[in-house]
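Here is a structure to be read against the definitions behind its labels. Each turn takes one label and asks what supports it.

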Amino acid sequence: MASLTVTDEQVRAIKAKVIQPAWVRVMHWVNAFAMILMILSGWQIYNASPLFGFTFPRDYTLGGWLGGGLLWHFAAMWLLMLNGLAYLVTGFATGRFAKKLFPITPSGVLHDVRAALTFKLGHDDLTVYNYVQRLLYAGIIAVGVLIVLTGLGMWKPVQFYYLVMLFGDYPTARYVHFFCMAAICAFLVIHVLLALLVPKSLRAMIIGR
Amino acid sequence: MAKRSFLIPGVDKRLLIKDAIKTMPDFTRRRFIAGGASLGALTLLTGCDVVDSSSADTLLAQVSKFNDAVQAFIFNPDALAPTFPESAITKPFPFNAYYDLDDAPDVNGTDWKLEVRGLVDNKKSWTLDELYKLPQVSQITRHICVEGWSAIGSWTGTPLRDFLKLIGADTRAKYVWFQCADKDGYNSPLDMRSALHPQTQMTFKYANEILPRAYGFPMKIRVPTKLGFKNPKYVVSMEVTNEYKGGYWEDQGYNSFSGS
Ligand code: HEM
């Protein structure tokens with residue numbers, strides 16, 4: 001077979017091998033970029049009036065001062081929200097969430113956690129997420145929704161009063177927003193470590209297969 | 001068709017990888033993290049060449065303007081800021097400014113007059129005694145600072161919209177611009193719709209006592225639908241105007257609408 005011709009069968013075979021469709025890859029990296037901007041500008045905002053007895057090192061904050069941090073935060077939020085919304089709509093519409101993230105069963109999670117801790121968790125078929133992955137991915141999507149809702153509530157506590165009400169009041173929304181950020185950072189660390197441990201999964205998120 | 005380019009139609013694989021790697025922030029690029037500095041990755045996002053910090057700043061300023069428009073659009077003139085019972089009041093209510101209390105304007109109430117300028121029928125200045133005679137209302141609302149902290153306080157005074165009506169202000173004008181007694185001339189523009197909001201108040205009392213120096217004696221503008229820096233203290237004049245005259249913090253980069 002000449003290397004420059006492709007039969008229909010080959011086309012199908014290759015297509016089936018695509019692990020991450022293009023829309024997932026694009027939105028994934030846009031989200032990663034937007035999240036980094038939101039975290040670093042959020043730390044700048046936090047430093048202006050810390051909730052706890054610590055501040056974030058200046059070098060890891062964006063914007064130079066509170067005003068700059070706020071400008072970044074309220075600019076990158078559009079990228080984060082539009083991209084996130086597109087992702088949720090496409091994820092539900094294409095059936096990707098139903099197919100790849102669910103079901104999540106307690107016994108499945110327990111089994112895979114045990115397998116992971118004993119290094120028996122295989123990654124032979126990257127098109128199927130194991131239960132630990134499903135739980136983490138579904139969980140972080142929920143946290144993403146939560147941080148946007150608390151953020152919008154704090155941004156417009158009068159116009160979006162019902163959003164603030166959902167979390168109690170303004171100060172509690174602020175704490176929830178902060179803890180969501182902490183959860184996203186924890187996820188980021190684990191997520192990046194695991195992706196580096198299984199490099200072909202990282203490759204799939206970049207070139208698709 | 002070569003197999004290589006087939007998987008991602010029309011895209012060179014190597015270039016794609018290179019681009020994707022570029023979207024991942026490089027933590028060794030200190031300038032990216034340190035602030036309004038050059039952002040290589042932003043080039044990817046906007047398609048324009050962000051080479052120096054000033055173009056990043058320009059972009060951010062444009063988005064902030066866009067955010068002004070968005071906030072004006074979602075602003076509901078009938079939506080009231082939540083009110084609280086007296087027991088919820090934060091004690092002590094924080095003093096907050098970019099200077100110490102000792103350096104706060106010390107206004108002499110008998111000499112002070114509120115100047116009224118711009119698009120109004122009656123430009124007469126008002127003494128404190130005259131203002132105190134206007135009907136007053138009280139509100140217990142949450143003051144939210146741009147820094148993120150908030151505190152609940154009790155303010156009493158005349159609804160600004162009643163005063164604007166009284167002086168024959170052109171309420172089709174865009175702004176009411178406040179000037180304050182601060183040494184370096186604090187000022188702040190308030191969009192007319194927020195100025196006409198039922199809870200926007202010319203405040204003369206805090207917790208039923210004459211407004212103390214710390215909270216803006218003799219007059220503060222309380223706008224519970226705005227962040228704290230848009231609630232000017234030590235006010236000496238108001239101007240009804242169509243011109244955007246900027247403000248102390250607004251000019252430094254805080255979002256101008258900064259509505260709640
Ligand atoms: C649409 C999305 C978001 C909106 C509208 C939003 C809005 C806000 C607002 C209004 C504040 C308080 C600003 C102030 O104190 O004056 C804030 C603070 C903060 N945000 Fe966000 N945010 C969003 C997403 C995020 C994300 C994705 C992260 C990080 C992953 C994040 C991290 C933070 C942090 C760390 C703070 C400082 C916490 C504090 O001290 O209050 N935000 N955000």
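**The ligand and its surroundings**

In chain A, α2 (22-48), α3 (66-93), α6 and α8 (170-197) each supply at least two residues of the shell around the ligand. The model is predicted: local features need pLDDT of at least 70, side-chain atom pairs count only at pLDDT 80 or more, and totals for chains, interfaces and linings use all residues. Residues are numbered from 1 along each chain as its sequence is written, chains are lettered from A and ligands numbered from 1 in the order in which they are written, and side-chain values use heavy atoms, with hydrogens and water left out.

Q: Which helix supplies the largest share of the shell around the ligand?
A: Seven residues come from α2(A), the largest share. Helices here are DSSP runs of H or I with at least four residues, and strands are runs of E with at least two, numbered from the N terminus.

Q: What makes a residue one of the 25 around the ligand?
A: One of its heavy atoms must lie within 4 Å of the ligand. H73(A), R174(A), H177(A), V146(B) and G148(B) come nearest, and the ligand lies between chains A and B.

Q: Why is the approach of H73(A) to the ligand called a polar contact?
A: The term requires a pair of N or O atoms within 3.5 Å; within protein, one must be able to donate a hydrogen and the other to accept it, and residues adjacent in sequence count only if both atoms are side-chain atoms. A nitrogen atom of the ligand is 2.8 Å from an N or O atom in the side chain of H73(A), so the pair qualifies. R174(A) places a polar side-chain atom 2.7 Å from a ligand oxygen.

Q: How many residues of the shell are nonpolar, and what decides the class?
A: There are 18 nonpolar, five polar and two charged residues. Ala, Val, Leu, Ile, Met, Phe, Trp, Tyr, Cys and Pro count as nonpolar, Asp, Glu, Lys and Arg as charged, and the others, Gly among them, as polar.

**Helix and sheet**

Q: How do you know that α6(A) has close to its expected span?
A: The expected span is 1.5 Å times one less than the number of residues. Helix α6 (residues 131-155) has 25 residues and reaches 36 Å from first C-alpha to last, close to the 36 Å expected.

Q: Why are β2 and β6 of chain B called edge strands?
A: Strands pair if DSSP finds at least two bridges between them. The open sheet has the order β2-β1-β10-β5-β6; β2 (126-127) and β6 (187-191) each pair on one side only, so they are its edges. Two bridges join β1 (residues 113-118) to β2(B), antiparallel.
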